[in-house]
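Subject: Structure for you to look through

Hello,

Here is the structure that I promised to hand over, together with some notes on what was found in it. Please open it beside this message, so that you can follow each part as you read.

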Amino acid sequence: MMAQGKAATVRRERIDDSVAGQRIDNYLMRVCKGVPKSHVYRILRSGEVRVNGGRIGPTYRLALGDEVRIPPVRVAESNTPAAVPAGKPLPVVYEDDALLVIDKPSGKAVHGGSGVSFGVIEQLRSQRPQARMLELAHRIDRETSGLLIIAKKRSALTALHDMMREGRVEKRYLTLVPGRWANPLQHVKEPLFKFLTPEGERRVRVSGEGKPAHSVVRLVRRWQRFSLLEVELKTGRTHQIRVHLAHLGFPLCGDDKYGDFPLNKALEQEGLRRMFLHAAHLSFAHPLTGEQVVLQSPLPEELQGFIDHLDATESRKNG
């Protein structure tokens, strides 16, 4: 792949375990960034792309050791995406040859799109240009902080997706809600339906026409005005925690989509200027070795600071 105006040459790529198992069409769209999808399929149909010297179809899955011949392709200057600034290194909680787990800050999207030019995954690729593969294994909301898994091998990504679909990755979040939550343990099983607002924004509501969703809520601490909850996700639906708790009358503090907006304004004056939702715990069998991986992330400073504020306020009242 060369920029317009430069000599384009045939490329030969040897497939390693970071991409083995990926479809050839998806592989080409990744390595030929900026080339229109229609052109990728054209060079596949014409036989210009070869694997081990032979023609293949767009659904062919690459195998370890395959040699891929990529013909000369040109990328228009206007299609070349702007460089992603590397920025500050993201906090790494765990890393090996197959996986990377970071502690994502609040306010940072996991990927570009919907008005965001780049996110965590683009930033990581910019910081680690030598990495053969970096792909999100799952997603957390832009406003949510905490543990996020990135796969460094295709085999790890595929296995993680299977594990998450089968409920074999334990994900627990901490959140603060207004009011006094009563039950020490409560299962919430309400189906969730995705829709678009008239303005084109993505939203979710509890609805019988939605997909099954299961959250397990545990009471951690309680104050006069608020409750700290741990929520374990048994399914991973969009905005699941936010919608389940708002549906029960306990909207997340600081939630700008499903929250109590007058309360959010008041909380800003008390020092809480973001949504109180943090991905605090991950537990799973390593997708390649089978060894148990257990990871924790403490509350970030701005959330722990608000908890300290609640403790101080209540102790003054009790005193």
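The notes below begin with the chain as a whole and then turn to particular places in it.

Please keep in mind that this is a predicted model. The protein chain is built with seven helices and 18 strands, and its C-alpha trace spans about 80 × 40 × 40 Å along the principal axes. Of its 319 residues, 44% count as buried, while the accessible surface of the chain comes to about 16200 Å², with 50% of that area belonging to carbon and sulfur atoms. If you look at the contacts with a separation of 6 or more, you will find that residues 24 or more positions apart account for 64% of them. As for charge, there are 50 positive and 36 negative side chains, and the centres of these two sets lie 5 Å apart.

The largest pocket is a good place to go next, and its volume is about 1600 Å³. Its lining is made by 44 residues, of which R139, D141, R202, T238 and H239 are the closest to the centre of the pocket. Several elements take part in this lining, since α4 (154–165), β11 (170–178), β13 (192–196), β14 (202–206), β16 and α5 each supply at least two residues.

H239 deserves a second look, because this pocket residue also has a relative accessibility of 7% and therefore counts as buried, the cut-off being under 20%. H239 sits in the loop between β16 (226–233) and α5 (240–247), and its phi is near 55 degrees, which is a positive value in a residue other than glycine.

The helix that comes after this loop, α5, is largely enclosed by the rest of the structure, because six of its eight residues are buried. The buried residues in α5 are Q240, I241, R242, V243, H244 and L245. After α5 comes G249, where phi is again positive, near 90 degrees.

Which other residue, not a glycine, has a positive phi near 55 degrees? It is N52, found in the loop between β3 (50–51) and β4 (54–55). N52 has a relative accessible area of 49% and is therefore partly exposed, as a residue must be over 50% to count as exposed.

Besides the pocket, the structure holds two cavities of 30 Å³ or more. The second largest cavity contains about 40 Å³ of space, and the residues that line it are H138, I140, L147, K171, R172, Y173, A279, H281 and L282. Two or more of these lining residues come from each of β11 and β17 (277–285). You have met β11 already, as one of the elements that supply residues to the lining of the largest pocket.

One residue of that cavity lining, H281, leads on to a last place. The C-alpha atoms of H281 and P298 are separated by 8.9 Å, although the two residues are 17 residues apart along the chain. Is P298 buried or exposed? With a relative accessible area of 62%, P298 is exposed, and you can find P298 in the loop between β18 (292–296) and α7 (301–318).

With best wishes

Key:
Residues numbered from 1 in each chain as written. Predicted model: local features only at pLDDT ≥ 70, side-chain atom pairs only at ≥ 80, totals over all residues. Heavy atoms only, no water. Helix = DSSP H or I, 4+ residues; strand = E, 2+ residues; numbered from the N terminus. Buried < 20%, exposed > 50% of the residue type's maximum accessible area, 1.4 Å probe, protein only. Contact = heavy atoms within 4.5 Å. Areas by Shrake-Rupley, 256 points an atom, 1.4 Å probe, with all protein chains shown as cover. Lys, Arg positive; Asp, Glu negative; His and termini not counted. Charge placed at Lys NZ, Arg CZ, Asp CG, Glu CD. 1 Å grid on protein atoms, 1.4 Å probe; cavity = no way out; pocket = protein on both sides within 12 Å on 5 of 7 lines; lining within 4 Å. Points joined across faces, edges and corners; volume = space filled by probe spheres on them.
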